[in-house]
Amino acid sequence: SWSVSADGHIWRFNLRQNLKTEDGIEINSSNFAKSLHFRLKHASKTYDVPAFNLLEGWQEFVSGAADQIEGIRSDQKYILEFRFIKQPVGLLEYLAMPSFGFFSPKDYFDAKWNDSNIIHSSGPYKILAQTPGKITLEARDGWFSLKPNSPKKINYYFASLDDALERANTKSIISARQVPENYLFPRDVEIIRGAPVFVTTVVLA
């Protein structure tokens, strides 16, 4: 659950207790704050991160004058608090993105991945196998959000944008300007006429 102050400057999230990552790290407010600092430091090298860039102490953080963002508080074990200089727009949507989810501290150091091919799950599925163009996910035992009819395995097929366009009947689907580190946002893409191209496909096993 979460609550927001009347002026929209303070957001307080109550974390579900007794959750752990695939490698046994507890998902509490302190570890979540560390994970967010890692992802925000990494992302801020490429673009000005919306919503989060309104946190107290953001400018000091991105400039390197501070190691921590003043506006991210983890004083209580299962309460994560954000303090903003003005009300953010889209914070919940950004927090729901995988980029700003919880990552095990064993997976990163400072603003770099230890091994970007090895990521320990903090959600209902873990990576079972990974090959070029395909990732197989497997449900984690006992995860609270999994239902009896949830798939046990998911095959996720993917291709680079160039490959997907080449396989299509037309290359007039989208035009995208060059963006750093393969980040692609709606503002970078122009939809134009042509047959649809599927860059990713999810198959339930």
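# Rings, charges and a pocket: a guided tour

Visitor: Hello! How many aromatic pairs does the structure hold?
Guide: Welcome! Please keep in mind that this is a predicted model. Ring pairs of Phe, Tyr and Trp are counted when their centres lie within 6.5 Å. By that count, the aromatic pairs in the structure number 11.

Visitor: Are the rings of F52 and F100 stacked, edge-to-face or tilted?
Guide: Their centres are 5.0 Å apart, and their planes meet at 50°. Stacked needs planes under 30 degrees apart and edge-to-face needs over 60. The angle for F52 and F100 falls into the rest, so this pair is tilted.

Visitor: Where in the chain do F52 and F100 sit, and how many residues apart are they?
Guide: F52 belongs to the loop between α1 and α2 (58–63). F100 belongs to the loop between α3 (91–95) and β5 (108–109). The pair therefore links distant parts of the chain, and the separation between F52 and F100 is 48 residues.

Visitor: And are F52 and F100 buried or exposed?
Guide: The word buried is used for residues under 20% relative accessible area. F52 meets that description, and F100 does too. For both residues, then, the word is buried.

Visitor: What kind of pair do F82 and F84 make?
Guide: The ring centres of F82 and F84 are 6.3 Å apart, with the planes at 25°. Planes under 30 degrees apart count as stacked. F82 is buried at 0% relative accessible area, and F84 is buried at 2%. Because of the angle between their planes, the pair of F82 and F84 is stacked.

Visitor: Which residues are linked into a cluster by ring pairs?
Guide: F82 and F84, the stacked pair, are both part of the cluster. Ring pairs also bring in two tryptophans and another phenylalanine. The full cluster is W2, W11, F13, F82 and F84.

Visitor: Which ring does R16 lie over, and which ring does R39 sit over?
Guide: R16 lies 3.8 Å from the centre of its ring, over the face. The charged end of R39 is 5.7 Å from the centre of its ring. The ring under R16 is F144, and the ring under R39 is F38.

Visitor: How many salt bridges are there, and how far apart are the closest N and O atoms of E81 and R12?
Guide: The count of salt bridges comes to 5. One of them joins E81, in strand β4 (residues 79–83), to R12, in strand β2 (residues 10–14), 69 residues apart. Between E81 and R12, the closest N and O atoms are separated by 2.5 Å.

Visitor: Which residues form one network through salt bridges that share partners?
Guide: E81 has a salt bridge with R12, and another with R83 at 2.7 Å between the closest N and O atoms. E81 counts as buried at 9% relative accessibility, while R12 at 30% and R83 at 23% count as partly exposed. Through the shared partner, the network is made of R12, E81 and R83.

Visitor: How many residues apart are K77 and E26?
Guide: K77 and E26 meet in a salt bridge, 3.6 Å from N to O. K77 lies in the loop between β3 (72–76) and β4, and E26 in the loop between β2 and α1. K77 counts as partly exposed, at 48% relative accessibility. Along the chain, K77 and E26 are separated by 51 residues.

Visitor: N18 and A51 have a positive phi although neither is a glycine; which of them is buried and which is exposed?
Guide: N18, with phi of about 65°, is in the loop between β2 and α1 and has a relative accessible area of 66%. A51, with phi of about 70°, is in the loop between α1 and α2 and has 5% relative accessibility. With under 20% for buried and over 50% for exposed, the buried residue is A51 and the exposed residue is N18.

Visitor: Which helix gives the most to the lining of the second largest pocket?
Guide: This pocket has a volume of about 230 Å³. Its lining, which includes K34, H37, F38 and K41, divides into 4 nonpolar, 2 polar and 4 charged residues. The top contributor, with 4 residues, spans residues 29–44 and is helix α1.

How values were computed
Residues are numbered from 1 along each chain as its sequence is written. This is a predicted model: local features need pLDDT of at least 70, side-chain atom pairs count only at pLDDT 80 or more; totals for chains, interfaces and linings use all residues. Side-chain values use heavy atoms; hydrogens and water are left out. On a 1 Å grid over the protein atoms alone, a cavity is a set of points where a 1.4 Å probe fits but cannot get out, and a pocket is an open set with protein on both sides within 12 Å along at least five of seven lines; lining residues have an atom within 4 Å of a point. Grid points are joined across faces, edges and corners, and a volume is the space filled by probe spheres set on the points. Helices (H or I, at least four residues) and strands (E, at least two) are DSSP runs, numbered from the N terminus. Ala, Val, Leu, Ile, Met, Phe, Trp, Tyr, Cys and Pro count as nonpolar, Asp, Glu, Lys and Arg as charged, and the others, Gly among them, as polar. Rings of Phe, Tyr and Trp (its six-membered ring) pair if their centres lie within 6.5 Å; planes under 30 degrees apart count as stacked, over 60 as edge-to-face and the rest as tilted. Buried means under 20% relative accessible area, exposed over 50%, partly exposed in between (1.4 Å probe, protein chains only). A charge sits over a ring if NZ of Lys or CZ of Arg is within 6 Å of the ring centre and within 35 degrees of the ring normal. A salt bridge is a side-chain nitrogen of Lys or Arg within 4 Å of a carboxyl oxygen of Asp or Glu.
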